[in-house]
Amino acid sequence: MSEDDKTAFAVMCALGFDGLRAAGAEYAGVCVTAVDGTPCSATVFATLVDSPDAADVAGAARNIASSLRRVAAGEVSEIELPCGLAVSCIGTQQPQLPGELTETGESLPFPTAFIRVYVPLPNGTTLVMEMGTPTMEGWDLFSTMFGNTVSSIRLYNANGSALITSRTTP
């Protein structure tokens, strides 16, 4: 790996670090690959946040979806995962690349596409997972991997029995 490649990778990591820390990330990862010869990168993270006030998981999912639609966060869908109800939000954001990291000293927009999935839990918290990429050439690969990861979430009660927060019974 050349010094320029190492620097580019360090800048990419630095851009996401403050946001991940501010979001209370429980887990975070960076993926760097090439798709059809184009260098691509993505970040993933998971965090736990308080759920909106609701009588149950279904109400929390409705409230999350409603809030996201109200702020026009992206394409919002209520979905069923194997673990139960969830909300997905697919969109783009425009974080700024700080001026101290650019040759001109001026901040630059850094468009990033993302998928966020919110999984409300019965204990009043919500698991939030996100995948984001500034390289659309890698979108299909990264979104497929993220979808497979989210679809693998399984929840269990303290006694080891499966916990499924679904609208329908399994």
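In this predicted model, the buried residues of helix α3 are covered by a set of strands that includes β1 (27–35), β2 (38–50), β3 (75–81), β4 (84–93), β7 (112–120) and β8 (125–133). The residues under that cover are Trp139, Phe142, Ser143, Phe146 and Val150, the buried residues of α3. They sit on the same side of the helix, because the arc they cover around the axis is only 95°. The spacing fits a familiar rule: an α-helix has 3.6 residues a turn, so residues three or four places apart point the same way. Turn to the other side of α3, and Asp140 and Asn148 are exposed. The length of α3 works out too. Its 13 residues (139–151) should span 18 Å at 1.5 Å a residue, and the end C-alpha atoms are indeed 18 Å apart, so expectation and model agree.

Helix α2 (57–70) can be read in much the same manner. From its first C-alpha to its last, this 14-residue helix reaches 20 Å, close to the 20 Å expected at 1.5 Å a residue. Buried here are Val57, Ala58, Gly59, Ala60, Ala61, Ile64, Ala65 and Leu68. Their cover includes β3, β4, β7 and β8, and these four strands are also among those listed for α3.

Just after α2 comes a backbone oddity: Ala72 takes a positive phi of about 50°, although this residue is not a glycine. Ala72 belongs to the loop that links α2 to β3. With a relative accessible area of 63%, Ala72 is exposed, since the cut-off for that label is over 50%. Asp36 tells a similar story, with a positive phi of about 50° in a residue that is not a glycine. The loop in question for Asp36 runs between β1 and β2. Asp36 has a relative accessibility of 79% and therefore counts as exposed.

Another loop residue worth a look is Glu26, placed between α1 (3–22) and β1. Its relative accessibility is 59%, so Glu26 counts as exposed as well. Even so, Glu26 has partners from further along the chain: once neighbours within four places in sequence are set aside, Glu26 is in contact with Ala46, Thr47 and Leu48. Leu108, on the other hand, lies 82 residues from Glu26 in sequence, and the two C-alpha atoms are 29 Å apart in space.

Stepping back to the whole chain, the protein has three helices and 10 strands. In sequence order these elements follow the pattern α-β-β-α-β-β-β-β-β-β-α-β-β. The C-alpha trace spans about 55 × 30 × 25 Å along its principal axes. Of the 170 residues, 36% are buried. Among contacts with a separation of 6 or more, 48% come from residues 24 or more positions apart.

As for the outside, the protein exposes about 10000 Å², and carbon and sulfur atoms supply 55% of that area. The charge count is 8 positive and 18 negative, and the mean positions of the two sets are 12 Å apart.

Note on methods. Residues numbered from 1 in each chain as written. Predicted model: local features only at pLDDT ≥ 70, side-chain atom pairs only at ≥ 80, totals over all residues. Heavy atoms only, no water. Helix = DSSP H or I, 4+ residues; strand = E, 2+ residues; numbered from the N terminus. Expected span 1.5 Å × (residues − 1). Buried < 20%, exposed > 50% of the residue type's maximum accessible area, 1.4 Å probe, protein only. Arc of directions from axis to C-beta. Contact = heavy atoms within 4.5 Å. Areas by Shrake-Rupley, 256 points an atom, 1.4 Å probe, with all protein chains shown as cover. Lys, Arg positive; Asp, Glu negative; His and termini not counted. Charge placed at Lys NZ, Arg CZ, Asp CG, Glu CD.
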